Amino acid sequence: MFTFKRVLSVRGIIVPQSTSLPVSHFSAYHCLRSAKRRSPYSSVDTERYSSLVKSVMSTRVSSQTPETLQAEDDHIYGPVVKAQTPTKAKTRVPKILHPFLNCQEPIETEEPASGAPARILLNRGQGRSLVPSVTRILQQTLSPDQIFYLERWRKKMIAELGEEGFKEYSQNLFRQGKLFHSALEDVLTSHATWKDRIPSEYPPEVQGYMQSVSDILEDIRAVRAIESTVQHETLNYLGVVDCVARYRGVRCVIDWKTSDKPKPFLSNTYDNPLQVAAYAGALNSDANYKYQVENGLIVVAYKDGSPAHAHQLNSELMLEYWKTWLLRLEEFTEQRSSCASSAEKR
């Protein structure tokens with residue numbers, strides 16, 4: 001016999017009471033519970049599947065071979081399509097790797113005690129009428145992406161300013177660039193430092209640019225050339241270098257640029273590093289210059305007077321850009337040869 005306890009509540013007081021229940025009554029109570037659920041596997045043909053399991057787990061060698069299994073899979077699922085291993089784009093190299101430096105000229109470690117900076121004017125009449133400029137070569141060998149973005153920018157500016165407005169905008173940019181370079185030449189060729197200058201001495205269009213490069217001008221010494229023509233004796237191209245001087249003790253080909261938008265990274269300067277490398281390579285080959293230049297400097301000045309960005313190109317970078325420049329020069333030469341051949345056929 002089992003004893004159950006029942007709890008009664010009388011006026012909020014809980015009073016436990018005992019109740020006796022015979023075993024026979026308990027058994028009857030247990031029988032009232034729901035029947036045990038049947039397993040879904042109870043109806044499975046165990047004999048059939050046990051033989052299957054035995055055949056799979058058997059140590060006997062299957063009659064099927066990898067070849068027959070592959071053929072069966074191909075029949076059911078189709079042949080396996082193997083993904084192709086992506087091929088790396090081949091790095092282009094110039095057909096002829098012309099030297100960047102002229103080994104016959106010693107690299108000077110010291111600057112001469114005195115002497116005015118070189119300024120060789122560009123004279124197209126002295127056998128240079130057919131010699132292409134660095135600017136022209138770069139413009140005619142732009143990549144499709146560069147052409148697309150340049151044309152999109154031009155259309156956007158025309159939509160905002162109109163044809164005449166865009167023409168005037170371009171002329172103003174050219175004029176500001178000339179005034180800026182003239183102001184820089186005035187500072188770099190005089191004995192007075194920038195700190196001795198009064199910003200109002202310069203035209204209003206360039207006062208912001210001059211303020212922008214003021215800190216950089218304090219680090220420039222030993223100016224060797226300003227607005228001077230350089231020509232590569234072997235590769236037969238020319239350009240006008242903005243400046244050759246020492247920046248923080250390192251001799252550089254310096255290129256001055258202006259911009260309305262910040263250009264804090266070298267990649268923001270597009271083809272300017274190629275231009276600097278081309279100028280340096282031409283100078284190193286030009287007999288008019290008795291020294292060599294291995295480094296470059298691109299200075300981006302801002303009209304609002306905010307500090308300019310100075311992008312230095314060390315000798316390793318200059319060599320890489322020199323190789324890329326040689327590729328662009330080869331492309332230009334091939335274009336010109338193709339045009340000449342087409343003209344002869346006509």
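**Exercise 1. Lay out the sheet in this predicted model, giving the order of its strands and finding which strands stand at the edges.**

Step 1. In this predicted model, five strands form an open sheet, and their order is β3-β4-β5-β6-β7, with mixed pairing.

Step 2. The strands at the edges are β3 and β7, the latter spanning 309-313, and each has a single partner strand, so one side of each is left without a neighbour in the sheet.

Step 3. From one strand to the next, the twist averages 30°.

Step 4. Inside the sheet, β5 (residues 250-259) and β6 run parallel and are joined by eight bridges; one pair to look for is Ile254 with its bridge partner Leu297 in β6.

**Exercise 2. Find which strands are touched by helix α5, and across which strands helix α6 lies.**

Step 1. Helix α5, made of residues 144-189, packs on the sheet and touches β3, β4, β5 and β6, and its direction makes about 130° with that of β3.

Step 2. Helix α6, made of residues 204-212, lies across β5 and β6, and the angle at which α6 runs to β6 is about 130°.

Step 3. To place these elements in the whole, note that the secondary structure of the protein chain comes to nine helices and seven strands. Among contacts between residues at least 6 apart in sequence, 67% join residues at least 24 apart.

**Exercise 3. Describe the largest nonpolar core, stating which elements supply it and which residues Trp325 touches.**

Step 1. Start from the general expectation that in soluble globular proteins nonpolar side chains tend to be buried together. In the protein chain here, buried residues make up 30% of the 346 residues.

Step 2. The largest nonpolar core has 31 residues, and those that touch the most other members are Tyr237, Val244, Val253 and Trp325.

Step 3. At least two residues of this core come from each of α4 (134-139), β3 (220-231), β4 (238-247), α8 (272-285), β6 (295-302) and α9 (315-345), while the largest share, seven residues, comes from α8.

Step 4. When residues up to four places away in sequence are not counted, Trp325 touches Val134, Ile137, Leu138, Tyr237, Leu274 and Ala278.

Step 5. Apart from this core lies another, of 25 residues, and among its members are Tyr202, Tyr209, Cys252 and Val299.

**Exercise 4. Decide whether Arg328 is buried or exposed, and list its contacts.**

Step 1. Locate Arg328 in helix α9.

Step 2. The relative accessible area of Arg328 is 10%, and because buried means under 20%, Arg328 counts as buried.

Step 3. Leaving aside neighbours within four places in sequence, the residues in contact with Arg328 are Ile137, Leu138, Thr141, Leu142, Gln146, Asp271 and Leu274.

Step 4. Arg328 and Pro94 are 234 residues apart along the chain, yet their C-alpha atoms are separated by 9.1 Å.

**Exercise 5. Characterise the largest pocket and the largest cavity by volume and by the residues that line them.**

Step 1. The largest pocket holds about 2600 Å³ of space. It is lined by 47 residues, of which Leu173, Lys257, Thr258, Lys263 and Asn272 are the closest to its centre.

Step 2. The elements α4, α5, β4, β5 and α8 each supply at least two residues of the lining of the largest pocket, and α5, with 18 residues, has the largest share of that lining.

Step 3. Turning to enclosed space, the structure holds one cavity of 30 Å³ or more, and the volume of the largest cavity is about 40 Å³.

Step 4. The lining of the largest cavity is made by His181, Leu184, Glu185, Leu188, Ile226, Glu227, Asp242 and Trp256. Two or more of the lining residues are given by α5 and by β3, and α5 gives the most, with four residues.

**Exercise 6. Examine the positive phi values of Glu227 and Asn236, and say where each residue lies.**

Step 1. Glu227, which also lines the largest cavity, is found in strand β3, and although Glu227 is not a glycine, its phi is positive, at about 50°.

Step 2. Asn236 lies in the loop between β3 and β4, and its phi, near 60°, is likewise a positive value in a residue other than glycine.

Step 3. With a relative accessible area of 36%, Asn236 is partly exposed.

Technical notes
Residues numbered from 1 in each chain as written. Predicted model: local features only at pLDDT ≥ 70, side-chain atom pairs only at ≥ 80, totals over all residues. Heavy atoms only, no water. Core = buried A, V, L, I, M, F, W, Y, C linked by side-chain atoms within 4.5 Å. Buried < 20%, exposed > 50% of the residue type's maximum accessible area, 1.4 Å probe, protein only. Contact = heavy atoms within 4.5 Å. Pairing = 2+ DSSP bridges. Axes fitted to C-alpha atoms, helices over the stretch in contact; angles between N-to-C directions. 1 Å grid on protein atoms, 1.4 Å probe; cavity = no way out; pocket = protein on both sides within 12 Å on 5 of 7 lines; lining within 4 Å. Points joined across faces, edges and corners; volume = space filled by probe spheres on them.
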